[in-house]
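Look first at where the two chains meet, and then at the empty space left inside the protein.

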Amino acid sequence: MAIYRAPIRDMQFVIHELLDAQSCFAELPGGEEASADIIDSILEEGAKLCESIVFPTNRTGDVEGCRLDDGQVRTPSGFKEAYEALCTGGWMGLACDPEYGGQGLPHTLSVFFEEMLQSSNMSLALYPGLTRGAYVAIRAHGSDEMKRTYLPKLVDGSWTGVMCLTESHAGTDLGMLRTRAVPDGDGSYRVSGTKIFISGGDQDLTENIVHLVLARLPDAPEGVKGISMFLVPKYLVNADGSLGERNTFSCGSIEHKMGIKGASTCVMNYENAVGYLIGEPHKGLQAMFSMMNHERLMVGQEGLSQAEVAYQSAADYARERIQGRALSGVKSPDQPADPIIVHPDVRRMLLTGKACNEAARALLGWVSLQVDIAERHPDAGMREHAEDLVALFTPVIKAYFTDYGNEVCNLSMQVFGGHGYISEWGMEQLVRDSRVAQIYEGANGIHALDLAGRKLSMHEGRLIKRYLKILEDFVAEHRQDKKLDEFIAPLSGAVAALEDATRWLAKARMEDPDEIGAASYDYLRLMALVSFGYMWARSAAIATGKVEGDNTGFYQAKLTTARFFMKRLLPQTTALVATLRAGSRSLMELPAESF
Amino acid sequence: MKILVAVKRVIDYNVKVRVKADGSGVETSNVKMSMNPFDEIAVEEALRLKEAGTAEEIVAVSMGIDRCQETIRTALAMGADRGILVQTEEELEPLAVAKLLKALVERESPGLVIVGKQAIDGDHSETGQMLAAILGWPQGTFASKLEFETDSVNVTREVDGGLEIVKLKLPAVITTDLRLNEPRFASLPNIMKAKKKPMETLTPAELGVDVTPRVTVVEVVEPPKRKAGIRVESVQALVEKLRNEAKVI
């Protein structure tokens with residue numbers, strides 16, 4: 001069986017020790033509420049809820065899946081109860097505006113809670129995850145009346161929100177979408193068209209569902225500049241806030257898919273459905289992007305969350321499963337065989353999971369703190385700096401976390417041997433569930449292009465320059481520290497490689513646009529590995545000072561894992577620089593008909 | 001009615017307890033601590049009585065080092081109204097706890113005291129009984145159900161032979177058993193509110209109680225490790241070994 005214990009100690013390390021988040025929060029208006037003891041209580045109580053109420057629904061969700069019952073989607077048994085426990089506990093509104101019933105806590109804290117929720121049940125976590133995205137979009141672009149009507153319901157979880165972009169012929173290229181919206185004369189619109197792959201498009205968890213639909217107005221220009229966003233509720237809302245008529249749209253079918261079977265993936269048919277324009281006409285894509293950046297970081301986190309459960313389960317299994325003897329001689333003479341954790345190759349798989357998960361948690365924590373600073377900091381310069389880092393890291397986190405996450409799920413399944421392939425152990429579910437995160441919310445290749453094509457050249461390269469400066473300063477600050485040399489030296493080499501690759505790309509883009517496309521994936525992986533290295537070096541710098549006298553083994557494990565990362569994972573940067581610099585020709589040469 | 005609930009900070013039930021190298025006790029530094037699970041049931045019962053209108057105020061009490069405040073905060077986050085910490089570095093024995101509680105009862109005049117039937121660290125199961133005795137109050141121990149009447153309470157007790165129902169005159173002391181209720185999770189808004197709820201800190205001296213330990217701990221040791229079993233050839237051999245080696249039949 002897959003097991004899950006929320007990694008509270010590691011989360012506390014990231015929040016309190018690595019980020020010193022409390023001091024950062026104190027500089028943000030409203031952030032002073034988030035004192036250390038409140039943070040710890042949130043982690044502990046959130047963990048209890050996720051481990052004991054949500055996690056048990058994960059396996060049943062996979063076995064039962066969603067079904068479409070006479071036009072109504074039914075979620076697997078236990079989902080509704082678990083969802084309601086999240087709502088009555090007030091967890092949905094953790095980082096939402098108190099004006100709409102939220103707790104107003106920093107976004108960073110909701111990210112740590114989100115990890116626990118996703119680890120406990122990635123399918124179930126999607127419903128509130130998308131709701132928060134809708135909350136962000138409506139709050140940023142909706143009218144005051146719209147905010148008053150819909151936001152409190154999204155914040156307390158009594159309604160969910162979903163985003164409706166994709167059509168069968170328009171996925172990555174939204175400029176081609178055909179759903180239409182016609183003014184109704186009374187200020188509202190009538191929306192008609194078909195959307196596919198709508199996560200949570202219909203469900204039986206809540207009494208109402210708020211759809212944010214991208215559609216074209218009659219006078220819309222062609223392409224992405226002619227897309228508007230509409231709020232289309234499943235049930236129309238009366239003036240007094242009560243629910244009125246059923247809107248004229250329905251779920252035509254739900255997809256049969258590889259994983260996340262507890263999350264409904266719907267085909268939605270809108271037939272003259274009542275909708276309300278959000279923001280300005282033809283500016284829908286920009287409005288949707290305020291939601292999508294949030295969603296992208298969340299989807300990246302799905303990779304981490306599944307890899308955490310996979311790693312924990314595999315580590316547990318490897319300590320208990322006895323089979324064969326250690327190459328270096330018997331380790332458990334009182335047992336007929338040694339536990340498989342004695343084997344170097346099993347340790348390679350486990351340590352890859354541990355090293356990547358802890359680095360990913362630290363990196364996402366750091367970027368989330370930048371989200372808070374970008375949103376709330378009183379100083380405009382600080383806000384801009386933070387915004388730059390968030391923009392730079394969003395594609396890295398989305399693509400690399402989901403890639404490594406699926407890889408760690410696979411490695412952890414491998415630790416189980418044949419049992420990993422058997423459903424009841426829960427490992428193959430993690431492989432299937434995590435797989436979608438590499439695809440949805442923009443396929444990973446698109447995010448690599450976003451990084452190498454758009455983000456690197458934004459503001460004449462300001463984003464990456466700012467990050468490289470942070471890395472250089474860190475290396476310079478610690479270079480003289482002999483105790484840290486084994487971490488700083490390899491990091492310094494990797495930073496130099498990233499600088500070199502960045503320069504090479506800047507030059508290559510002038511010569512041939514295909515070079516960016518060819519190098520983008522390697523570049524994204526390079527940047528992710530360097531950033532993991534940065535997080536490990538920072539962690540090691542803290543652990544070195546605390547390892548003496550620590551009887552829990554926590555700081556020693558940090559140092560040992562940091563060493564593993566520097567010696568066995570960071571060297572991949574060398575290969576990435578080599579393939580990146582090999583150029584596009586070897587990719588583009590073969591004619592299409594020869595494939 | 002006011003309810004006094006005692007909550008103890010103990011090693012979390014998920015932690016594997018380790019004995020200190022010098023045998024003087026168990027390792028508690030850097031170990032996850034939580035509220036004693038039976039005390040969570042006590043808090044939950046008090047909350048339900050308040051929700052049902054039987055009680056008006058819930059006071060959560062803990063005793064020990066400064067960090068016992070965290071345990072009180074947990075009770076406040078569940079919904080208790082205010083907290084009292086009796087702060088001391090002394091290792092408190094059940095009798096000392098009972099005396100301190102008695103002093104607090106005299107100060108607060110609650111109509112009911114609810115405590116866990118035992119704490120999962122010392123496993124004494126004495127505090128509630130001692131408190132009732134020194135207060136001269138009736139006690140309903142190992143409670144799995146409470147039914148209130150005007151000035152009395154019917155307590156269903158879990159006893160060896162099954163269930164026993166006793167009727168106690170109020171004020172009374174109740175100790176909680178596992179099946180009394182299922183404690184709630186603290187909600188996020190309540191976690192935030194808990195920080196602003198009043199918490200008072202007192203000392204044993206202020207309450208006029210001598211908490212000097214009466215018992216001397218000679219040694220703390222781990223249970224002996226289980227030895228590997230052996231396989232016997234026949235039932236006769238098994239019976240023979242049970243009779244002559246193990247001497248259990």
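**The interface and the cavities**

A:D37 and B:K195 form a salt bridge, with their closest N and O atoms 3.7 Å apart; the term stands for a side-chain nitrogen of Lys or Arg within 4 Å of a carboxyl oxygen of Asp or Glu. Between chain A and chain B there are two salt bridges. On the side of chain A that touches chain B, helix α3 (residues 36–54) gives the most, with nine residues; helices here are DSSP runs (H or I) of at least four residues, numbered from the N terminus.

This is a predicted model, in which local features need pLDDT of at least 70 and side-chain atom pairs count only at pLDDT 80 or more, while totals for chains, interfaces and linings use all residues. Side-chain values use heavy atoms, leaving out hydrogens and water; residues are numbered from 1 along each chain as its sequence is written, and chains are lettered from A in the order in which they are written.

The contact (heavy atoms within 4.5 Å) takes 21 residues from chain A and 15 residues from chain B.

Now for the interior. The count is six cavities of 30 Å³ or more; a cavity is a set of points on a 1 Å grid over the protein atoms alone where a 1.4 Å probe fits but cannot get out, and its lining residues have an atom within 4 Å of a point. The largest cavity holds about 110 Å³ of space, and the residues that line it include A:H107, A:S110 and A:R132. The second largest has a volume of about 80 Å³. Its lining includes A:W91 and A:F113, and α6(A) provides the largest share, four residues.

Key
Helices (H or I, at least four residues) and strands (E, at least two) are DSSP runs, numbered from the N terminus. On a 1 Å grid over the protein atoms alone, a cavity is a set of points where a 1.4 Å probe fits but cannot get out, and a pocket is an open set with protein on both sides within 12 Å along at least five of seven lines; lining residues have an atom within 4 Å of a point. Grid points are joined across faces, edges and corners, and a volume is the space filled by probe spheres set on the points.
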